[in-house]
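Here are a few warm-up exercises to work through with the viewer open. Try each task before you read its solution.

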Amino acid sequence: MQLRLAGAEMAARIEKLNSLLTPCRLCPHRCMVDRRQGERGRCGVGAVARVASFGPHFGEEPPLVGRRGSGTVFFSGCNLSCVFCQNYSISQLGEGRQMDAAELAAVFVELGRRGCHNINLVTPTHQAPMIVSALALAQEAGLRLPIVWNCGGFESPEVLRLLDGIVDIYMPDAKYGDDAAAAHYSGGPGYATNLEAVLREMHRQVGDLVVEEGIARSGMLIRHLVLPGGIAASDRVFAAIASLLGRETYLNVMRQYRPCYRASEYPELARRLQPSEYAEAADCARGFGFQQGLPGFENGT
Ligand code: SF4
């Protein structure tokens with residue numbers, strides 16, 4: 001079922017995505033900047049794809065990694081600005097280089113040639129038009145792998161609808177259950193409220209995770225990073241997922257928080273997560289009936 005769209009319908013989607021780039025409404029920030037004319041919004045990226053690195057990755061969830069790795073492409077910039085970001089040199093400081101559609105398509109094809117089980121697009125939201133254009137070229141060149149949309153969860157439902165039939169696996173973060181915390185620590189006003197529409201649309205398209213012979217083929221995986229002091233409002237995140245999508249959802253409750261980037265400026269975030277805090281969050285998730293991805297499964301970037 002990979003890359004089911006092609007031809008005229010794919011071209012129409014690309015055209016529509018490009019129209020959302022200028023003025024930019026690709027994510028809930030709706031910066032309305034003209035990225036084609038060199039203006040930059042919150043994500044800091046223009047109208048050409050910008051890539052930090054790519055290659056087979058073995059640190060993702062087991063159904064993505066299999067034996068030959070997940071074909072991961074790390075995109076530069078981000079529409080969120082988490083003060084504790086572990087990848088801040090890429091997401092906040094712009095590390096990476098520009099790639100036109102042909103070059104990016106060649107990267108996707110090369111990852112396929114190297115035997116990766118999927119194409120894993122990390123932080124793709126703000127580069128959606130460029131990525132889909134490159135996917136169309138890669139498809140013409142013979143790429144037939146599941147496409148993974150590995151995003152921060154601060155998405156535009158309108159953009160997601162344009163990815164229907166293009167993305168096979170959605171892997172959003174569900175970072176916060178509290179809008180104020182999301183605005184304060186990640187520059188994502190309305191994140192928790194918006195997340196509900198995001199999860200619904202993703203699930204409508206691809207449903208629960210489908211794994212065949214140990215490899216993810218389609219569906220959703222959700223990640224939640226537990227933050228110190230209950231800042232992420234994990235209980236509300238789990239409640240929302242349980243009520244919107246059900247307990248069959250593959251949920252990865254992650255424990256690897258450590259104070260990175262600007263976390264030292266926030267005393268409440270300037271320490272590691274205590275084991276008891278993680279245990280409490282994991283118990284809470286189990287209490288909602290989640291099993292896939294639990295317990296104690298904490299892989300992932
Ligand atoms: S994708 Fe970037 S420029 Fe566009 S609305 Fe989002 S943050 Fe602003």
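Helices and strands here are DSSP runs, at least four residues (H or I) for a helix and at least two (E) for a strand, numbered from the N terminus. Keep in mind that this is a predicted model.

**Exercise 1.** Find the cis peptide bond, and say which loop its proline is found in.

*Solution.* Start with omega: a value of about -5° turns up between threonine 22 and proline 23, so the bond joining them is cis, whereas most peptide bonds are trans. Next, place the proline: proline 23 sits in the loop between α1 and β1, the latter spanning 49-57.

**Exercise 2.** What is the sign of phi at arginine 30, and where does this residue lie?

*Solution.* Phi comes out positive at arginine 30, about 45°, even though the residue isn't a glycine. For comparison, most residues other than glycine have a negative phi. As for location, arginine 30 belongs to the loop between α1 and β1.

**Exercise 3.** How are the axes of α1 and α5 oriented?

*Solution.* Take helix α1 (residues 7-19) and helix α5 (residues 128-140): their axes come within 8 Å and cross at roughly 160°. Angles over 145 degrees count as roughly antiparallel, so α1 is roughly antiparallel to α5. The crossing of α1 past α5 is left-handed.

**Exercise 4.** Which residues surround the ligand, and how do they divide by type?

*Solution.* List the shell: Cys24, Leu26, Cys27, His29, Arg30, Cys31, Arg35, Gly41, Arg42, Cys43, Asn79 and His126. Sorting them gives five nonpolar, four polar and three charged. The space the ligand takes up is the second largest cavity.

How values were computed: Residues numbered from 1 in each chain as written. Predicted model: local features only at pLDDT ≥ 70, side-chain atom pairs only at ≥ 80, totals over all residues. Heavy atoms only, no water. Near = heavy atom within 4 Å. 1 Å grid on protein atoms, 1.4 Å probe; cavity = no way out; pocket = protein on both sides within 12 Å on 5 of 7 lines; lining within 4 Å. Sits in = over half its atoms within 2 Å of the grid points. Nonpolar A, V, L, I, M, F, W, Y, C, P; charged D, E, K, R; others polar. Axes fitted to C-alpha atoms, helices over the stretch in contact; angles between N-to-C directions. Parallel < 35°, antiparallel > 145°, perpendicular 65-115°, else oblique. Left-handed = near helix turned anticlockwise from the far one by under 90°.
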